[in-house]
Amino acid sequence: MSGYRIATIPGDGIGVDVTAAAVTVLDAVLPGLEWTEFDWSCENYLRTGAMMPADGAEQLAGFDAILLGAVGFPGVPDHVSLWGLLIPLRRAFGQYVNVRPVRLLPGTQSALRDRTAADLDILIVRENSEGEYSRIGGIHNEGRSDEFVLQESVFTRVGCERIIRYAFERAIERSGRLCSATKSNGIIHSMPYWDSVFERIATEYPQVTTRQMHIDALAAELVLHPDRLDVIVGSNLFGDILSDLAAAVTGGLGLAPSGNINPDRTAPSMFEAVHGSAPDIAGQGIADPVAQILAGAMLLDHLGESAAAAAVDQAVCDVLAAGEARTPDLGGTATTSDLGAAIADRAAELARRPASAERH
């Protein structure tokens, strides 16, 4: 029995469906998880005027981890839902690292011609607490002909150093290659500063091969030569855009997980699918739960349950490779719960095997 306390925030739309499937899978490999659900969502905002209570962070602080669904619903502006829930939690819990692994899974097809799984396995490390996502600024002279908007970015030495160093450490764990996303030819202060921090920290890691690419050229590289990329580190905005592009290239947002990580483990980390709430298909039972299930695997790995996490990851690969249970986005007719149940059954089977058993 695990004894871990996990908070779930299913959120809106298909977030509810895919979170239920992920919970089923995690329970199958690690019995005894203690789940507590919070109904914070856009629907909650429409009822109460707030995405979550004023003491929401305090309510979550005692949990070991958080599994977040998706937020967003027609009638509630995206900036309201994002700044009312996700961003405040990231910052309250020191989740300054956003990790987004993107890869071509078995039984799925890349949007790129003739690309294989060996070509499409990238880890994007995104700064998660400052950068371009800032409240500093405002609308001035509103309604007048000289109206203007000022939006400030925030790049601190601490913030840049810690995310870039984290990316170097992950690069060492993988292939030893790291690419930094920049735009120092057009953004005159923040990006040259980011570049200088990257170059300075690179001297501490002579075993890592580094590149610095302007964001437009890097976006093209993801499409034309993804095999040349392994770990990418970027600011809040650049990391967000690149990870969605990479997920689309490797098979779709329905397959891409992410983690909002507090590396110091002084507060819970939060795990979620990259995709949105897709209100147009909510409640129909056809949403692909793979991204949320893989986010659950990341959650287990973060808790130190590496064997259980590996079982979930392998189960996803095995079920997708078999092709018998696929949701409509993958060319099948299975429901969200059907695919979730198939992955849960396979994960439970793998988890029961002795550690020395060979896995395929």
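Buried means under 20% relative accessible area, exposed over 50% and partly exposed in between, with a 1.4 Å probe and protein chains only. This is a predicted model, in which local features need pLDDT of at least 70, side-chain atom pairs count only at pLDDT 80 or more, and totals for chains, interfaces and linings use all residues. Residues are numbered from 1 along each chain as its sequence is written, and side-chain values use heavy atoms, leaving out hydrogens and water.

Let's start with the rings. Rings of Phe, Tyr and Trp (its six-membered ring) pair if their centres lie within 6.5 Å; planes under 30 degrees apart count as stacked, over 60 as edge-to-face and the rest as tilted. The structure holds five such aromatic pairs.

Select Phe-155 and Trp-194 for an edge-to-face pair, 6.4 Å centre to centre with 90 degrees between the planes. Trp-194 is buried, at a relative accessible area of 0%, and Phe-155 is also buried, at 16%.

Next, pick Phe-168 and Tyr-205, which are stacked at 4.9 Å centre to centre, with 15 degrees between the planes. Phe-168 is buried at 0% relative accessible area; Tyr-205 is buried too, at 7%.

Now show Phe-38, Trp-40 and Phe-63, a cluster linked by ring pairs. Add Arg-5, and you will find this residue over the face of Phe-63, 4.2 Å from the ring centre. (A charge sits over a ring if NZ of Lys or CZ of Arg is within 6 Å of the ring centre and within 35 degrees of the ring normal.) Arg-162 likewise lies over the face of Tyr-96, at 4.0 Å from the ring centre.
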